[in-house]
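Student: I should like to learn how to read the pockets of a protein model. Please begin with the elements that line them.

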Amino acid sequence: MSYDLLLNEAYANGITIKERPFKTYDGRIKNQTIYLRQDMNTAKKSCVLAEELGHYYTTVGDILDQGNVNNRKQELRARIWAYNKQIGLYGIIQAYKARMQNSQEVADYLGVTLPFLQDAIEYYHQKYGICTTVDNYIVFFEPCLAVMESVSYYESD
């Protein structure tokens with residue numbers, strides 16, 4: 001999802017977006033305001049905004065203390081929400097259909113950073129194993145990301 005569409009979703013939910021000159025954080029959410037580090041490129045802002053929206057939808061309370069296992073679980077839940085929002089298996093398939101040839105092309109096509117895409121692929125690999133089927137496509141995670149369209153052959157009289 002593009003950065004502009006994410007902004008529209010945030011605004012539609014009454015969330016304010018403000019950019020700040022953070023030195024240590026890329027993004028933060030507090031109540032109905034998401035703060036983003038102002039010097040990020042659009043792809044990075046898109047990834048960070050998606051994760052902060054993931055916190056808005058999935059996180060309860062202050063989870064800054066990542067030494068707490070429950071806080072780490074909530075952090076992961078928000079990140080997974082962002083992966084699914086920004087990429088998802090359908091996004092990978094759309095990139096295949098658009099003939100993207102490598103991970104950087106896929107990331108650019110989806111409007112995300114390469115590290116964000118790689119983390120999402122690793123998450124999907126852990127979740128689904130070697131491959132998974134979506135509609136008539138097989139998405140492979142090993143030995144590398146690949147998509148294959150399954151074709152059914154049948155004989156008629």
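Tutor: In the largest pocket, strand 2 (27–30), helix 2 (42–58), helix 3 (69–86) and helix 6 (114–128) each contribute at least two lining residues. Helices (H or I, at least four residues) and strands (E, at least two) are DSSP runs, numbered from the N terminus. This is a predicted model, in which local features need pLDDT of at least 70 and side-chain atom pairs count only at pLDDT 80 or more, while totals for chains, interfaces and linings use all residues. Residues are numbered from 1 along each chain as its sequence is written, and side-chain values use heavy atoms, with hydrogens and water left out.

Student: Which element supplies the largest share of that lining?

Tutor: Helix 2 does, with 7 residues. The lining comprises 30 residues, and Gly27, Arg28, Glu52, His55 and Glu75 lie nearest the centre of the pocket.

Student: What surrounds Ile29 in strand 2, leaving aside its neighbours within four places in sequence?

Tutor: Contact means heavy atoms within 4.5 Å. By that criterion, Ile29 is in contact with Ile34, Glu52, His55 and Tyr56. The C-alpha atoms of Ile29 and Glu51 are separated by 9.8 Å, the two residues being 22 apart along the chain.

Student: Is Ile29 buried, partly exposed or exposed?

Tutor: Buried means under 20% relative accessible area, exposed over 50%, and partly exposed in between (1.4 Å probe, protein chains only). Ile29 is partly exposed because its relative accessible area is 25%.

Definitions and conventions: 1 Å grid on protein atoms, 1.4 Å probe; cavity = no way out; pocket = protein on both sides within 12 Å on 5 of 7 lines; lining within 4 Å.
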